Amino acid sequence: MATSVLCCLRCCRDGGTGHIPLKEMPAVQLDTQHMGIWGIGVATQKVNLNQIPLGRDVHSLVMRNDGALYHNNEEKNRLPANSLPQEGDVVGITYDHVELNVYLNGKNMHCPASGIRGTVYPVVYVDDSAILDCQFSEFYHMPPPGFEKILFEQQIF
């Protein structure tokens, strides 16, 4: 069953995915409430949200629950073995239109990944009874300088 992800929503159940448009340089955080299969990152509109784990094609760049960052079915980087997210940890990401960076409990993990091209959207998915609390604003940990909450694009008539 798919679950849409919006600002400050809990993402749970099996097979939940979602995305919202990005503007500027955003930061996203999630609180891992119950471990299972999950991922967080960015994706283009062409990504198949029904085929998880994401990161299998050129349309998504994600960090998976095992700490590996994938794009185009290639492992681009990996969290240090002693820094894998555990239940209750806060995982943050920043994306500057080139690199995706990962933070664990506010600490930069220094494992950037890149390769995705075009307009991207934040993406979060869950499966196997994972529960994630997603924060797109009002973060648990302050984003690094130059990054802020997701701003929604607006059209002015």
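Is Asn72 buried, partly exposed or exposed? Asn72 is partly exposed, with a relative accessible area of 40%. That is one small detail of a predicted model, and the points below walk through some others.

1. **Overall make-up.** Welcome to a chain built from strands: there are 13 of them and zero helices. Reading along the sequence therefore gives β-β-β-β-β-β-β-β-β-β-β-β-β. Of the 157 residues, 48% count as buried. The accessible surface comes to about 8,000 Å², and carbon and sulfur atoms hold 48% of that area.

2. **Contacts along the chain.** Take the contacts in the protein chain with a separation of 6 or more: 63% of them involve residues 24 or more positions apart.

3. **The largest nonpolar core.** This core has 24 residues, and the members that touch the most others are Trp38, Val42, Met63, Leu69, Val91, Leu100 and Val102. At least two residues of the core come from each of strand 4 (37-43), strand 5 (60-64), strand 8, strand 9 (99-104), strand 12 (121-127) and strand 13 (131-135). In soluble globular proteins, nonpolar side chains tend to be buried together.

4. **A second core.** Another core, of eight residues, lies apart from the largest one. Its members include Ala43, Leu54, Val62 and Val123.

5. **A buried acid.** Asp89 deserves a look in the viewer. You will find Asp89 in the loop between strand 7 (74-78) and strand 8 (90-95). Asp89 is buried yet has no salt bridge. The nearest side chain of opposite charge is that of Lys107, 12 Å away; a salt bridge needs the atoms within 4 Å.

6. **What Asp89 does contact.** Which side chain makes a polar contact with the side chain of Asp89? That of Asn105 does, at 3.1 Å. In addition, a polar atom of the Asp89 side chain lies 2.7 Å from the backbone nitrogen of Gln86.

7. **Salt bridges.** The structure holds three salt bridges. In one of them, Arg78 pairs with Asp66, and the closest N and O atoms are 3.9 Å apart. This pair links distant parts of the chain, since Arg78 sits in strand 7 and Asp66 in the loop between strand 5 and strand 6, twelve residues apart. Arg78 also meets Glu75 in a salt bridge, at 3.0 Å from N to O. Asp66, Glu75 and Arg78 are thus linked in a network.

8. **Exposure of the charged residues.** Within that network, Arg78 is partly exposed at 36% relative accessible area, Asp66 is partly exposed at 34% and Glu75 is partly exposed at 35%. A further salt bridge joins Lys76 and Glu74, with the closest N and O atoms 3.8 Å apart. Here too the partners are partly exposed: Lys76 has a relative accessible area of 32%, and Glu74 has a relative accessibility of 44%.

9. **Positive phi values.** Back to the opening residue. Asn72 is placed in the loop between strand 6 (68-71) and strand 7, and its phi is near 55 degrees, a positive value in a residue other than glycine. His110 is not a glycine either, yet has a positive phi of about 50 degrees. His110 lies in the loop between strand 10 (107-108) and strand 11 (113-114) and is exposed, with a relative accessible area of 64%.

10. **A cis peptide bond.** Finally, have a look at Ile52 and Pro53. A cis peptide bond joins them, with omega about 5 degrees. Pro53 is found in the loop between strand 4 and strand 5.

Key:
Residues are numbered from 1 along each chain as its sequence is written. This is a predicted model: local features need pLDDT of at least 70, side-chain atom pairs count only at pLDDT 80 or more; totals for chains, interfaces and linings use all residues. Side-chain values use heavy atoms; hydrogens and water are left out. Helices (H or I, at least four residues) and strands (E, at least two) are DSSP runs, numbered from the N terminus. Buried means under 20% relative accessible area, exposed over 50%, partly exposed in between (1.4 Å probe, protein chains only). Lys and Arg count as positive and Asp and Glu as negative; His and the chain ends are not counted. A polar contact is a pair of N or O atoms within 3.5 Å; within protein, one must be able to donate a hydrogen and the other to accept it, and residues adjacent in sequence count only if both atoms are side-chain atoms. A nonpolar core is a set of buried Ala, Val, Leu, Ile, Met, Phe, Trp, Tyr and Cys residues joined through side-chain atoms within 4.5 Å. Contact means heavy atoms within 4.5 Å. Accessible areas come from the Shrake-Rupley method with a 1.4 Å probe; for residues, only the protein chains shown count as cover.
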